Amino acid sequence: MKDVIVIGGGPSGLMASIAAAQYGAKVVLIDKGDKLGRKLAISGGGRCNVTNVSPIDQLIENIPGNGQFMHSPFSVFNNQDIIGFFEELGIKLKEEDRGRMFPVSDKAKTVVNTLLNKVNELGVEIRTNTGVKDLKFTEDRVDSVILANGEKIKTKNIIVAVGGKSVPYTGSTGDGYPWAKKAGHTITELYPTEVPITAKDRFIKEKLLQGLSLRDVKLTVLDPSSKKAVKSHEGDMVFTHFGVSGPIALRCSQFVIKAKKEHNVKEVALSLDLFPHKGYEDVQGELEDLLQSQPKKAIKNALNGWLPERIIPVILDKAGVEPSIVKAELSNDKKRSLINSIKEFSISATGTLSIEKAFVTGGGVSVKEIKPKKMESKFKKGLFFCGEVLDLHGYTGGYNITVAFSTGYTAGQAAAMNLWEES
């Protein structure tokens, strides 16, 4: 009989193992892969964005997938606790833009190795290359784990930390959903989040802007019916051969998917503002000054330096402005059209890349059926869920990993406490 079995060696599983062991439980950590912490090792571009230092209310705002649920896990183990946890283990952290916290070493393996050392130090039994076939339950609680080789391990607590369906080569292939269903849980519809957006515009198909990066711009998802803004994000973006990517595109992606589904449409309009901190009159004034100082220059050349060179022909085409005309030939109507194309550059989104290409899975085990201060099932005593297997997701920038560490620690602590209550 094992005290606690943790299934999944990602960020939430590792933290759950550590917390359970620290509170006195004998823990077995099972992972079907040959290495633990594979998703951690690639997070933050291989630098491992361990958390975000923002205040709790801002953290919750940046967890659009059921963020309110996180109030309870954060009361047990929050971002400041995560920072303290790593610094106590000797990992110095540094703050970067938008509150993101990275190891000073800029190496994810520093974080992974430190967590693995802690797991080993606490005497956690690690079983890699070990698949789980099934979970067994009695009427009201967990009973055992059945491994792929047929071995049965009796246990009092099972923590499911197997991730969602995104980045499957790290081991996240949706294994946890059938087990949750078997225990009576609802699996909300799965969809990709934090994923590049696909588009069908001519400039995308002809790859006119492929590889062009834009800084400090604003991308808005428009409601297919009202054309009003559904969601906007400011920051950096890049055009690709299939659409748009980069931080703000990833953040907008889930709203493209939801708008398509809700309105049953094939396309969702996006609006890109190249100067989000300038009003229309400011942009008009700058354009007038620019043309006034170069009255004899073809407009395509006059705009160079003010706008990225590669986007100028596309903007002029959208505005219906002939690239070779000079200031005197530009009518007021064409000027207005040009300003609109700069402030409301339209992109026709057709959807996103697949859930396997996403950074994060949307949907999962319904949080309505989970005790938030324990991460324990409301249906089966001793069954816990943490991390991405749950219907919880945040934006990139340290929010998802904060959810993983927080829910993992909360689950591990509560599983160990179960043993105390029953002894």
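A charge sits over a ring if NZ of Lys or CZ of Arg is within 6 Å of the ring centre and within 35 degrees of the ring normal. Lys-258 lies over the face of Phe-255 in this way, at 5.5 Å from the ring centre. The model is predicted. A search of the whole structure finds nine aromatic pairs. Strands E12, E13 and E14 supply the pairing described further down.

**Charges over rings**

- Lys-258 is placed over Phe-255, with 5.5 Å to the centre of the ring.
- Arg-47 has its charged end over the ring of Phe-102. The distance to the centre of that ring is 3.9 Å.

**Aromatic pairs**

- The whole structure holds nine aromatic pairs.
- Tyr-23 and Trp-420 form a tilted pair, because their planes stand at 50 degrees. Their ring centres are 6.3 Å apart.
- This pair links distant parts of the chain, as Tyr-23 and Trp-420 are 397 residues apart. Tyr-23 belongs to the loop between helix H1 (11–22) and strand E2 (27–30). Trp-420 belongs to helix H14 (residues 399–422).
- Tyr-23 has 25% relative accessibility, so Tyr-23 counts as partly exposed.
- Phe-85 and Phe-86 form an edge-to-face pair, because their planes stand at 80 degrees. The cut-off for edge-to-face is over 60. The centres of these two rings are 5.2 Å apart.

**Burial and the aromatic cluster**

- Phe-85 counts as buried, because its relative accessibility is 10%.
- Phe-86 also counts as buried, because its relative accessibility is 0%. The cut-off for buried is under 20% relative accessible area.
- Phe-85 and Phe-86 belong to one aromatic cluster. Phe-77, Phe-405 and Tyr-409 are in this cluster too.

**Strands E12 and E13**

- Strand E12 (residues 213–222) pairs with strand E13 (residues 229–239). The sense is antiparallel, and the pairing runs over eight bridges.
- Lys-218 has Glu-234, in E13, as its bridge partner.
- The hairpin of E12 and E13 has six residues between the strands. Within this hairpin, Lys-227 takes a positive phi near 65 degrees.

**Strands E13 and E14**

- E13 is joined to strand E14 (residues 243–245) by two bridges. These strands run antiparallel.
- Phe-239 has Val-244, in E14, as its bridge partner.
- Three residues make up the hairpin connection from E13 to E14.

Key. Residues numbered from 1 in each chain as written. Predicted model: local features only at pLDDT ≥ 70, side-chain atom pairs only at ≥ 80, totals over all residues. Heavy atoms only, no water. Phe/Tyr/Trp six-rings, centres within 6.5 Å; stacked < 30°, edge-to-face > 60°. Helix = DSSP H or I, 4+ residues; strand = E, 2+ residues; numbered from the N terminus. Buried < 20%, exposed > 50% of the residue type's maximum accessible area, 1.4 Å probe, protein only. Pairing = 2+ DSSP bridges.
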